[in-house]
Amino acid sequence: MHLKHSLLAFTAVLAISAPAFAADTSGDGEPAFRATYKELIETNTTLSAGNCTLAAERMAARLKAAGYPDADLRVFSVPEHPKEGGLVAILHGKGSKKKPILLLAHIDVVEANRADWTRDPFTLVEEDGYFYARGAQDDKAMAAIFTDLLIRYRQEGYTPKRDIKMALTCGEETSGAFNGAEYLAQNHKDWIDAGFAINEGGSGELDENGKRVTFGVQAAEKVYQDFQIETTNPGGHSSQPVAANAIYDMARDLTKLSALEFPVEFNDTTRAYFTRMAAIKGGDIGAAMLALVKNPTDAKANAIVSADKKWHSMLRTTCVATMINGGHATNALPQRTTTNINCRILPGTPIETVRATLDQAIGDPNNHVTIVEPRSPATPVPALSPEIMAAVESVSAKIYPGTPILPIMSTGATDGIYMTAGGIPTYGISGIFVDKDGSRAHGLNERIRVQSLMDGRRFHYQFVKTLADQ
């Protein structure tokens with residue numbers, strides 16, 4: 001999105017007295033981490049009723065209590081969106097010529113209706129080996145892990161070779177809202193400038209028995225873009241219907257779009273993913289993956305691999321109708337309908353190309369597809385550098401021995417799109433393993449395995465140190 005601010009951005013270096021957090025004598029600081037995670041979870045950060053700026057202030061207070069000076073903590077917001085702020089923090093290194101590492105996590109969460117949930121979504125509940133809460137996985141798990149490791153590094157007196165920066169931002173979950181990551185990339189890149197960023201997006205996969213299957217490293221993500229179809233008609237009295245009807249016109253358009261299938265396309269990330277996954281899966285599925293990598297037009301192989309909805313989406317651009325609005329009265333012929341078409345576009349594909357494809361599929365000169373602003377930035381697929389993969393492999397071998405590591409492309413979208421577009425290659429490496437049926441992120445009763453969260457914390461503590469000391 002492209003934000004235009006009528007006022008100068010308001011920024012403030014945190015000047016807040018540090019609270020007296022209880023001393024942690026557990027050795028690895030798990031009780032303190034749990035307290036940080038709990039406080040972050042229980043600070044409501046939904047767009048409708050929450051306050052990201054408050055969450056940022058609370059994390060900054062914890063960092064200050066660990067010894068970070070005010071100069072290294074920046075809570076930021078803009079006057080138009082005072083509750084949608086974030087935090088930038090820095091742990092200074094020894095002056096390496098290498099650019100800093102950026103740890104990126106969003107602290108806003110999807111809306112959650114208490115009446116629909118089994119438990120209060122804004123109270124952290126530990127039950128049967130899981131943490132339940134809105135944001136338990138997406139993305140307060142990583143935000144808490146990053147805040148915690150900066151605290152631990154400071155308390156240990158650890159000084160990395162290169163600077164480590166952290167940005168906790170708001171707005172990732174709501175298209176059209178103020179987006180802190182975009183704001184920083186476009187207006188204050190100097191605060192966050194880095195050689196690369198580590199973000200959400202990549203996760204480990206567990207099987208139905210809780211056994212680790214693969215460790216995903218997200219090296220690419222799709223581009224999010226909404227389009228709109230509008231049909232119009234003079235309307236009239238419903239007692240005298242005519243053949244021309246805006247709702248019927250839209251129904252015909254959507255029937256055509258429902259049959260639209262974009263072609264299979266590979267990039268370096270997905271080609272490597274399906275090649276390696278073929279060896280893991282074996283059998284007919286593995287053979288079909290290899291056949292499709294060799295020949296993307298192989299219809300038989302495509303049918304086998306695309307039967308899995310995740311693989312189907314990884315292989316192509318996808319578009320789907322998500323919202324429809326039409327008519328103005330129950331006793332009148334409709335004068336207008338609008339439908340939102342949500343597309344997840346393969347990186348490197350121009351947005352206008354997708355719009356033209358939708359237009360062509362509809363084939364109606366009276367009903368055109370338009371791009372819904374804001375327009376997502378087009379981003380390249382960042383090269384997966386050897387230094388990052390070497391660090392992943394060495395630390396994973398200790399924390400998750402024997403687990404295959406796969407480069408993946410996220411079928412969703414994250415704030416990494418703004419960082420990559422701004423010249424900071426961004427990779428999704430969570431170090432957290434999720435159940436085969438997912439974490440219920442964005443849905444009811446979101447959860448994360450307690451063991452997965454603690455293992456992810458152990459992973460990042462060593463992983464970031466390994467990167468910072470290369």
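These exercises, each with a worked solution, concern a predicted model.

**Exercise 1. The open sheet**

Task: Give the strand order of the four-stranded open sheet and name its edge strands.

Solution:
- Step 1. The order of the four strands is β13-β15-β11-β16. Their pairing is antiparallel.
- Step 2. Look for strands that pair on one side only. These are β13 (318–326) and β16 (369–371), the edge strands.
- Step 3. Add the twist. From one strand to the next, it averages 30°.
- Step 4. Check the β11 and β15 pair. Residues 223–232 of β11 meet residues 336–345 of β15 over ten bridges, in the antiparallel sense. To fix the register, use phenylalanine 227, which stands opposite isoleucine 341 in β15.

**Exercise 2. Helices across the sheet**

Task: State which strands helix α6 lies across, and do the same for helix α11.

Solution:
- Step 1. Helix α6 covers residues 246–258 and lies across β11, β13 and β15. Its direction is at about 145° to β11.
- Step 2. Helix α11, residues 351–362, lies across β11, β13, β15 and β16. It runs at about 160° to β16.

**Exercise 3. Two residues, two exposure classes**

Task: Classify lysine 256 and asparagine 302 as buried, partly exposed or exposed, and list their contacts beyond four places in sequence.

Solution:
- Step 1. Recall the cut-offs: buried is under 20% relative accessible area, and exposed is over 50%.
- Step 2. Lysine 256 belongs to helix α6. Its relative accessible area is 39%, so lysine 256 is partly exposed.
- Step 3. Leaving out residues up to four places away, lysine 256 touches Ala361 and Ile362. The C-alpha atoms of lysine 256 and alanine 361 are 6.4 Å apart, although 105 residues separate the two along the chain.
- Step 4. Asparagine 302 sits in helix α9 (residues 299–305). Its relative accessibility is 19%, so asparagine 302 counts as buried.
- Step 5. With the same exclusion in sequence, asparagine 302 touches Val264, Leu292 and Arg316.

**Exercise 4. Strand β3 and its partners**

Task: Describe the burial of β3 and its pairing with β2 and β7.

Solution:
- Step 1. Strand β3 spans residues 81–91. Eight of its eleven residues are buried, which leaves the strand mostly covered.
- Step 2. Strand β2 (residues 73–78) pairs with β3 over five bridges, antiparallel. A two-residue hairpin joins β2 to β3. Phenylalanine 76 faces glycine 86 of β3 across this pairing.
- Step 3. Strand β7 (residues 164–169) also pairs with β3 in the antiparallel sense, over five bridges. Here alanine 89 stands opposite methionine 166 in β7.

**Exercise 5. Two cavities**

Task: Give the volume and lining of each cavity of 30 Å³ or more.

Solution:
- Step 1. The search of the whole structure returns two such cavities.
- Step 2. The largest holds about 90 Å³. Its lining has 13 residues, with Ala220, Glu221, Pro380, Pro382 and Thr420 nearest the centre.
- Step 3. Elements giving two or more lining residues are β10 (212–221) and α13 (416–421). β10 gives the most, with four.
- Step 4. Sort that lining by class: seven nonpolar, five polar and one charged.
- Step 5. The second largest cavity holds about 40 Å³. Residues in its lining include Tyr130, Gln137, Asp435 and Arg447.
- Step 6. β19 (433–434) and β20 (447–449) each supply at least two residues to this second lining. β20 gives the most, with three.
- Step 7. The classes in the second lining are four nonpolar, three polar and three charged.

Conventions. Residues numbered from 1 in each chain as written. Predicted model: local features only at pLDDT ≥ 70, side-chain atom pairs only at ≥ 80, totals over all residues. Heavy atoms only, no water. Pairing = 2+ DSSP bridges. Axes fitted to C-alpha atoms, helices over the stretch in contact; angles between N-to-C directions. Contact = heavy atoms within 4.5 Å. Buried < 20%, exposed > 50% of the residue type's maximum accessible area, 1.4 Å probe, protein only. 1 Å grid on protein atoms, 1.4 Å probe; cavity = no way out; pocket = protein on both sides within 12 Å on 5 of 7 lines; lining within 4 Å. Points joined across faces, edges and corners; volume = space filled by probe spheres on them. Nonpolar A, V, L, I, M, F, W, Y, C, P; charged D, E, K, R; others polar.
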